[in-house]
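Colleague: Got a minute to go through this one with me? I'd like to pull it up and just ask things as they come.

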Amino acid sequence: DGKAVASTPAGPTPGNINGFFRIGCMQLTNFPEAPARANECFAGNMQYAAAYNRPLTATEVLQHYQAGI
C-alpha cells in the first residue's frame, strides 16, 4: 500500500564510499602482526554493519547500542 510501517532516525543517510570491505571474514596473513589464526571467519551472527569516514564518539556508539543498531 506504500505506507511506511517503521523507521529508525538513529543515523545519517548513507553516503557513497569507495573502498573494499569484507565483513566477518578476511585473510590477514600478509598484515603485520596478524593473529596466528588470521584466516578464520567470524563464527557468529551479524545483523548490521556500517562504515564511517571518521571514528565515532562515545556518545554515538552509545546511541547506536541503545537504538539496537
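Colleague: How many salt bridges does the structure hold?

Modeller: One. Keep in mind that this is a predicted model.

Colleague: Which side chains meet in that salt bridge?

Modeller: Arg54 and Glu60, with an N to O distance of 2.7 Å. In general, side chains of opposite charge can pair when their charged atoms come close.

Colleague: And is Arg54 buried, exposed or partly exposed?

Modeller: Arg54 counts as partly exposed because its relative accessibility is 41%, and the partly exposed class runs between 20% and 50%.

Colleague: OK, zooming out. How many helices and strands are there in the chain?

Modeller: One helix and zero strands. The helix is α1, covering 58-67.

Colleague: What sits in α1 that I should look at?

Modeller: Try His64, which is found in that helix. His64 is buried, since its relative accessible area is 16% and the cut-off for buried is under 20%.

Colleague: How much of the chain is buried?

Modeller: Buried residues are 3% of the 69 residues.

Colleague: Back to His64, then. What does its side chain join in a polar contact?

Modeller: The side chain of Tyr52, at 2.6 Å. The His64 side chain also reaches the backbone oxygen of Glu60, at 2.8 Å. Glu60 is the salt-bridge partner of Arg54 as well.

Colleague: Which residues is His64 in contact with, leaving aside neighbours within four places in sequence?

Modeller: Tyr52, Leu56 and Ile69. So Tyr52 turns up both as a contact and as the polar partner.

Colleague: Switching to the surface. How much area does the chain expose?

Modeller: About 6,700 Å², and carbon and sulfur atoms supply 53% of that.

Colleague: Which residues make the nonpolar surface patch?

Modeller: Phe21, Ile23, Phe42 and Met46, and the patch is about 440 Å². Phe42 lies in the segment before α1 and counts as partly exposed, at 49% relative accessibility.

Colleague: Phe21 caught my eye. How far is Ala51 from Phe21 in space and in sequence?

Modeller: Their C-alpha atoms are 8.6 Å apart, with the two positions 30 residues apart in sequence numbering. Ala51 is in the segment before α1, and it's partly exposed because its relative accessible area is 33%.

Colleague: And where is Asn45 placed?

Modeller: Asn45 is also in the segment before α1. Asn45 is exposed, as its relative accessible area is 79% and exposed means over 50%.

Colleague: How far apart are Asn45 and Gly24?

Modeller: They're 21 residues apart in sequence, and 9.2 Å apart in space from C-alpha to C-alpha.

Technical notes: Residues numbered from 1 in each chain as written. Predicted model: local features only at pLDDT ≥ 70, side-chain atom pairs only at ≥ 80, totals over all residues. Heavy atoms only, no water. Helix = DSSP H or I, 4+ residues; strand = E, 2+ residues; numbered from the N terminus. Buried < 20%, exposed > 50% of the residue type's maximum accessible area, 1.4 Å probe, protein only. Areas by Shrake-Rupley, 256 points an atom, 1.4 Å probe, with all protein chains shown as cover. Patch = residues over 30% accessible without salt bridge, like charges linked within 9 Å, V, L, I, M, F, W, Y side chains within 5 Å. Salt bridge = Lys/Arg side-chain N within 4 Å of Asp/Glu carboxyl O. Polar contact = N/O pair within 3.5 Å; in protein donor to acceptor, adjacent residues only side chain to side chain. Contact = heavy atoms within 4.5 Å.
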